[in-house]
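Student: I would like to learn how to read the surroundings of a DNA strand and of a single residue. Could you guide me?

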Number of protein chains: 2
Amino acid sequence: MRIGELASRAKVSTRALRYYEEQGILSSERTPSGQRHYPESAVDRVRLIQQLYAAGLGSRMIASFLPCIDAKQAGPEMIERLRAERARITASAAELEEAGRKLDLLIELAAHPGKRHCPASLDAQSAGGDVAPA
Amino acid sequence: MRIGELASRAKVSTRALRYYEEQGILSSERTPSGQRHYPESAVDRVRLIQQLYAAGLGSRMIASFLPCIDAKQAGPEMIERLRAERARITASAAELEEAGRKLDLLIELAAHPGKRHCPASLDAQSAGGDVAPA
DNA sequence: GTAGAACTTGACGTTGACGTCAGAGGCAAA
DNA sequence: TTTGCCTCTGACGTCAACGTCAAGTTCTAC
């Protein structure tokens with residue numbers, strides 16, 4: 001398929017697809033006239049790329065990971081980087097969860113004013129064990 | 001406390017603190033000579049701000065939410081925006097989880113080559129119900 | 001064969017959360 | 001009073017993932 005179809009099927013802009021190619025994370029065949037052609041699998045590939053971006057990975061990191069993903073193998077140094085990113089994602093997910101809980105609490109408080117059944121605070125720490133209010 | 005102490009205690013740069021003030025999400029008292037002074041509570045406030053940033057909220061959004069957080073109340077329109085952000089965070093967390101699982105799978109495959117006990121694929125969709133390989 | 005949609009490369013613009021540098025002033029200790 | 005660190009206000013720099021023109025080429029449908 002050509003770039004326009006891939007863009008609409010993967011729900012990204014054509015600009016993004018060309019950018020991915022620039023960054024070396026998406027390849028394409030070229031017709032004699034220079035137009036890009038993609039196989040069906042490119043749709044999933046683009047979605048994977050989008051997901052990695054959403055997980056906070058940058059183009060360089062993605063570019064270094066994709067070959068391993070395709071080959072399903074990686075050297076020990078690469079594995080360490082994978083583990084590091086995985087840890088970052090885990091931490092990031094925990095932060096998201098907590099921010100989400102705080103918003104939930106606020107929504108609860110704001111949507112049902114007067115009902116004081118939630119004694120938790122909205123601010124304060126997240127990993128603080130220091131409890132000494134007096 | 002002055003800006004330097006707050007910065008080190010909240011683990012952000014002084015530049016960030018001044019930026020927060022510019023954006024109207026962190027206030028300070030001023031000494032006659034113009035230096036900023038913060039109460040103890042500013043540390044938690046800054047951490048809350050950091051957490052909201054980490055959750056993908058921008059300065060404007062945070063600026064609009066903080067008064068509600070302080071007052072523990074919000075109008076119906078604001079509650080809608082809170083719910084919307086909460087939904088965004090939930091979706092974002094799900095994406096993170098899935099990206100994390102994919103990395104886990106790759107790490108597993110790469111760290112223990114030859115052991116083919118995980119038949120799942122690394123690419124492919126996340127919410128696709130279309131199953132028609134023929 | 002021709003209009004018009006889709007494609008090409010190239011290059012500058014955008015946005016957000018700061019980093020960084022410059023020049024000037026403030027403050028506590030010696 | 002001088003030393004040295006802290007703070008102040010601008011103001012420009014940065015980086016990433018694209019957006020957005022511009023000007024030209026190619027494909028498709030009639």
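**Reading the model**

Tutor: Around DNA strand D there are 22 residues, of which A:Ser13, A:Ser33, A:Ser59, B:Gly4 and B:Arg18 come nearest. A residue is near a strand if one of its heavy atoms lies within 4 Å of it. This is a predicted model, in which local features need pLDDT of at least 70, side-chain atom pairs count only at pLDDT 80 or more, and totals for chains, interfaces and linings use all residues. Residues are numbered from 1 along each chain as its sequence is written, chains are lettered from A and ligands numbered from 1 in the order in which they are written, and side-chain values use heavy atoms, with hydrogens and water left out.

Student: Which polar side-chain atoms lie close to a phosphate oxygen or a base oxygen of DNA strand D?

Tutor: A polar contact is a pair of N or O atoms within 3.5 Å; within protein, one must be able to donate a hydrogen and the other to accept it, and residues adjacent in sequence count only if both atoms are side-chain atoms. Here, A:Arg15 has a polar side-chain atom 3.1 Å from a base oxygen of the strand, while one of A:Tyr20 lies 3.1 Å from a phosphate oxygen.

Student: Is B:Ser64 buried or exposed?

Tutor: Buried means under 20% relative accessible area, exposed over 50%, and partly exposed in between (1.4 Å probe, protein chains only). B:Ser64 has a relative accessible area of 18%, so B:Ser64 is buried. The side chain of B:Ser64 makes a polar contact of 3.0 Å with that of B:Arg81, and a polar atom of the B:Ser64 side chain lies 2.7 Å from the backbone oxygen of B:Met61.
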